[in-house]
Every structure is written in C-alpha cells, then in structure tokens.
Amino acid sequence: MRAWMCRRYGGPETLTLETVPQPRPKPGEVLIRVVATSVSSGDVRVRALRVPAGMKTMARLALGFTGPRRRVLGTELSGVIAAVGGRVTAFKPGDAVIAFPGVAMGAHAEYRVMPADGRIALKPESMSFAEGAALCFGGSTALHFLRRAGLKQGERMLVIGASGAVGSAMVQLARQQGAWVAGVASTANLDLVRSLNADAAIDYTRGAYLGTGETYDVIADAVGITHFSGCHASLNEHGRYLSLAGGLGDMMARPKGTRRSIAGPAAERKEDVAELVQLAAAGAFRPVIDSIVPFEALPDAHRRTDSGRKRGSVVVEVSEA
Ligand SMILES: NC(=O)c1ccc[n+]([C@@H]2O[C@H](COP(=O)([O-])OP(=O)(O)OC[C@H]3O[C@@H](n4cnc5c(N)ncnc54)[C@H](OP(=O)(O)O)[C@@H]3O)[C@@H](O)[C@H]2O)c1
C-alpha cells in the first residue's frame, strides 16, 4: 500500500509517498481501507516538532529525536472495512466506518488496522466520507475540554478561534449543551461562526474583546494567543479558562481566587467518538470542511494547515468511496 512518511522533522517537503507492506488484522482487529483523512493542527505540530513553549525536550522524548517514531501521520479517518480478524463481530467487510487513531496516528495511508473495540464507529449514511474524516480531531478535543470545564446550561462562553477545527466544534457542542456562546473570528469568518449557531460572532480585527467589561463563565482559547493571566479578569466568579494550545505556563497556572486554568492534552475516548457520531447523525453537529485535496497532494494539505488560516478541517481523499 502507499503511505505518506515523515522521516524527519521539517516542512511539508520532507514528506515522502512510499510503498510499504499492507498491515493484516490480528484477532480482535479490523483492516480499514481509508477513503478520507484529514491533515490537522496535530499532524503539522508533529511534522515540524512545533510544540508549546517549554515542551520541546519532552516532545522529542515522547515523539522521537530527529523525526517522529510513528512515521505515518494522520489522526482521523473514514473508510470501509476491508477485512476482520478473528473474534470480531461488531464489524464486517463492507461496513463504512469512522475511526480515530488519535496520537497513535497512521491514517495518512491507504489502509489502517484498528482494534475493533477501539475508537471506531459505523458511519451514519447521512454523513459523507469527507465529513466522517473531519469529525473526531476537533470534536473530541472540544468534548474533552467542555467536560473538564463542567460547562452548565445557561453559562456564558467565549471561544477564541471559532473558525478552526477545534473552535468550530466547540461552538456547536457548547451550544448543544445549552450554553450562550460568543465566537471570535476574523471578518471573513463571522458568517461561518453564525452558521454554527453561535449567539454572537466577534470580529477580532476590530479591536480588543477582552477587558471590555464583558465577562464569561468559560473562555476557551483555541488559537494560543492569550494566557490565563490576561483572561482571568474577564471571567465570572468560578470561571474557567481553557488553554487548548497552552504550554507549561498555563498547565501550571495557579487559580486566581475562584477562577482557574485548564490545559494539557485531550483524552481520546471511544465514548466521545460514539457521541460525536450520534450528534452528527441527529444533525446536531456538523464538522466544517475547509477544502478537499487528493492523496497525492497531501503536502499541500499540510501547507494549508500550516497557514493557520483554515476553516475547520482540511480533508484528504485517499480512495474511492
Ligand atoms: N490540548 C490538546 O490536546 C489539543 C488537541 C487538539 C488541538 N489542540 C490545539 O488547539 C489549537 C487549535 O487547533 P485547530 O486544529 O482548531 O487549529 P486550526 O484549525 O489550524 O485553527 C485555524 C483557525 O484559527 C483562526 N485564528 C487564527 N488566528 C486567530 C486569532 N488571532 N483570533 C481568532 N481566530 C484566529 C483562523 O481564522 P482566521 O484565518 O480568520 O484568523 C483559522 O480559522 C492548536 O494550537 C492545536 O495544536 C490542542
């Protein structure tokens, strides 16, 4: 099979399309023919070893010194079950599925083996393969942070970076959980943010939106441009600051009175994949797709994600549905 390999940290030009042995499913595993995948902010962070401040050495230890140990990137995919190993009853060849390898990666390939009882779910017919491939990275990160925030119905929330993969999921999921949500975006993306059911869309090009007297119960920074120290004054009593892209500083930040900072890597749970699929099937969550590129042009998808300007997810078409 063909797979995009990342043998050393660097720009998109370091990626190489190679022929590698096709994996075989062991007992309890399924072999998925990948139809679509995404190039996420997580993929480009690993490719370029672009990590939050103070975490480079830790990242090299975890990921690899000169290049990632897991050479095939790609955290999420949609596809069709090509074969099943022994003891697998939940899936059969021909089933359309959505899977979330997450930090284990390996989705930028024509085939990926997954544990049948892992982060994998049947794809609802109402979802395209492209949507399925864009469901999990942003969606599960948003669910994780909303859960850690303990978001309550009727609370006021501000999402900075509401047009990105995580931010666009967070706006929709927080609205779905009954919060009042304002999304921060550039002028060109305000309509997108409104289409996600946000109560307010704030244009960051028109000046400061923090320290204006407006206060929130939860502020989520899905860009990495603020710190708890600059946001706590805009939080209500018992307010929570969610630092999605934060470094050690935000992870270690002490509470300020009743206000606190929440940071760190998002958990990857099969329950969250199931919940996202269920919400998508019910029409309550729609992953935003920035663009779709062919498999052979996957480095272009990295360039688009590197730009920091994508709206939702960049999807890569790997094979015919
Ligand atoms: N903690 C975790 O486990 C975890 C998991 C997943 C992701 N993350 C992190 O979360 C962050 C967001 O990820 P993502 O995939 O959503 O990123 P993304 O899709 O690449 O975000 C791009 C979006 O950010 C917007 N943006 C850029 N500058 C902005 C600004 N100053 N104010 C408001 N919006 C701005 C852009 O809109 P404009 O072009 O209009 O500015 C664009 O739509 C990344 O740093 C990622 O590494 C963390």
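**Exercise 1. Decide whether serine 140 is buried or exposed.**

Solution.
- Start with the place: serine 140 sits in helix α4. Helices here are DSSP runs of H or I with at least four residues, strands are E runs of at least two, and both are numbered from the N terminus.
- Next, the cut-offs. Buried means under 20% relative accessible area, exposed means over 50%, and partly exposed lies in between (1.4 Å probe, protein chains only).
- Serine 140 has 1% relative accessibility, so it counts as buried.
- Now its partners. Contact means heavy atoms within 4.5 Å. With neighbours within four places in sequence left aside, serine 140 contacts Phe100, Asp272 and Leu276.

A note on the source: this is a predicted model, where local features need pLDDT of at least 70, side-chain atom pairs count only at pLDDT 80 or more, and totals for chains, interfaces and linings use all residues. Residues are numbered from 1 along each chain as its sequence is written, and side-chain values use heavy atoms, without hydrogens and water.

**Exercise 2. Find which element gives the most to the largest nonpolar core.**

Solution.
- Define the core: a set of buried Ala, Val, Leu, Ile, Met, Phe, Trp, Tyr and Cys residues joined through side-chain atoms within 4.5 Å.
- The largest one has 42 residues. Leu135, Met157, Met170, Leu173 and Leu242 touch the most other members.
- List the elements that give two or more residues: α4 (136-149), β8 (156-160), α5 (165-176), β9 (180-185), α6 (190-195), β11 (216-221) and α9 (270-281).
- The top contributor is α4, with 7 residues.
- In soluble globular proteins, nonpolar side chains tend to be buried together.

**Exercise 3. Locate isoleucine 202 and list its contacts.**

Solution.
- Isoleucine 202 belongs to strand β10 (residues 200-203).
- Leave aside neighbours within four places in sequence. The contacts of isoleucine 202 are then Leu158, Ala182, Gly183, Val184, Ala185, Leu190, Tyr209 and Tyr216.
- Alanine 62 is 140 residues from isoleucine 202 along the chain, and their C-alpha atoms are 38 Å apart.

**Exercise 4. Work out why the protein counts as being as compact as a globular protein of its length.**

Solution.
- Count the elements: 10 helices and 15 strands.
- Take the radius of gyration over C-alpha atoms; the globule rule is 2.2 Å times the number of residues to the power 0.38.
- The radius is 19 Å, close to the 20 Å from the rule for 321 residues, so the protein is as compact as a globular protein of that length.
- Along its principal axes, the C-alpha trace spans about 60 × 45 × 35 Å.
- Buried residues are 55% of the 321.
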